[in-house]
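Please open the model in your viewer and keep the sequence panel beside it, since each stop on this tour asks you to select a few residues and look at their side chains.

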Amino acid sequence: MNIYREKINSELADWKHQIAHPPAPSFRTIKRIQRKLNRLIPHQVHNIITHAIKDIVRAVLYGAEFSTPKREGTIAIHHAEEMIRETIWFYSSSAAAQGAITGLGGLVSSVADFPLWLSIKMKMLFEIAKLYGYDTKDFQERLFILHVFQLAFSSRQRKLRTYDIIANWDEMKAKLPQNIHEFNWHGFQLEYRNNLDLIKLFQMIPGIGAVVGGCTNHKLTYRLGKTAMNAYRLRKLNSNQLSPIN
């Protein structure tokens with residue numbers, strides 16, 4: 001177990017370095033191109049995506065369809081993480097298949113990809129939480145999930161702030177919103193949309209959309225899953241609960 005703990009500590013150190021590391025110089029150029037492409041997308045499409053994200057965020061906070069029961073019994077951390085890796089791969093593959101299908105139809109069907117893909121990612125996060133031994137019926141556990149999501153899909157400045165919240169969760173959770181009306185869903189969806197990879201926009205182009213949609217959905221869903229693993233590892237490590245998982 002000490003060897004596995006050392007492995008986790010090493011991976012957490014690398015992860016923190018990646019979060020703190022400034023983006024490459026080409027990042028600003030990519031963002032400028034992304035903003036220009038976003039302006040080409042009809043306003044109605046932006047509205048549909050915005051409302052879809054809003055509804056799913058609300059469902060995550062209060063919807064029973066996302067809830068998963070807390071895992072019963074005790075399991076060693078390395079066994080739990082074997083199952084978590086399988087879970088991440090399953091949902092990444094499911095997201096890839098969904099992205100390929102919606103990418104076939106270009107702009108119109110790609111609009112449907114955003115809420116469908118977001119639902120897949122959120123369900124994966126709830127599964128990961130359960131495997132780490134957390135009860136997602138608890139409102140604060142759902143807030144933690146949303147912070148994990150923000151950590152994966154946010155600007156560097158927001159990533160650093162969110163990392164600090166996760167790293168000090170036991171202290172910070174009491175200061176967070178206690179009901180849905182206080183949650184900043186608008187800022188949440190803006191960060192999410194503005195920090196998707198540029199290539200995701202090419203999913204809306206007929207012909208290449210299927211390939212782009214499949215590859216990008218897999219890549220970004222996998223990234224989210226790894227972010228969740230490290231966030232829960234950090235939380236357990238800081239609470240001296242790394243092993244075993246109840």
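## A tour of the salt bridges

A search of the whole structure, which is a predicted model, finds six salt bridges, and the tour visits some of them before it turns to a lysine.

**First stop.** Select Lys7 and Glu11 and display their side chains, which meet in a salt bridge with an N to O distance of 2.7 Å. Both residues belong to helix 1 (residues 2-20), and because they are four residues apart in that helix, about one helical turn separates them. How exposed are the two partners, buried or partly exposed? Glu11 has a relative accessible area of 25% and is partly exposed, and Lys7, at 32% relative accessibility, also counts as partly exposed.

**Second stop.** Now move to helix 5 (residues 107-131) and select Glu127 and Lys130, which are three residues apart, so that about one helical turn lies between them. These two residues form a salt bridge in which the closest N and O atoms are 3.4 Å apart.

**Third stop.** Select Glu141 together with Arg235, whose side chains meet in a salt bridge at 2.6 Å, taken from N to O. This pair links distant parts of the chain, for Glu141 sits in helix 6 (residues 139-152) while Arg235 sits in helix 10 (residues 209-238), and the two are 94 residues apart. Colour the pair by accessibility if your viewer allows it: Glu141 counts as buried at 8% relative accessibility, and Arg235 counts as buried at 7%.

**Fourth stop.** Keep the side chains of Lys7 and Glu11 on display and add Glu81, Arg85 and Arg233 to the selection, since salt bridges that share partners join these five residues into one network.

## A lysine in helix 7

**Last stop.** Select Lys159, which is found in helix 7 (residues 156-167). Is this residue buried or exposed? Lys159 has a relative accessible area of 19% and is buried, because the cut-off for buried is under 20%. Which backbone atom lies 2.7 Å from a polar atom of the Lys159 side chain? The backbone oxygen of Leu151 is found at that distance. To see the surroundings, leave out the residues up to four places away in sequence and select what remains in contact: Lys159 touches Ile19, Leu151, Ala152, Phe153 and Ser154. Leu151 therefore deserves a second look, as it appears in this list of contacts and also supplies the backbone oxygen at 2.7 Å.

Notes
Residues numbered from 1 in each chain as written. Predicted model: local features only at pLDDT ≥ 70, side-chain atom pairs only at ≥ 80, totals over all residues. Heavy atoms only, no water. Salt bridge = Lys/Arg side-chain N within 4 Å of Asp/Glu carboxyl O. Buried < 20%, exposed > 50% of the residue type's maximum accessible area, 1.4 Å probe, protein only. Polar contact = N/O pair within 3.5 Å; in protein donor to acceptor, adjacent residues only side chain to side chain. Contact = heavy atoms within 4.5 Å.
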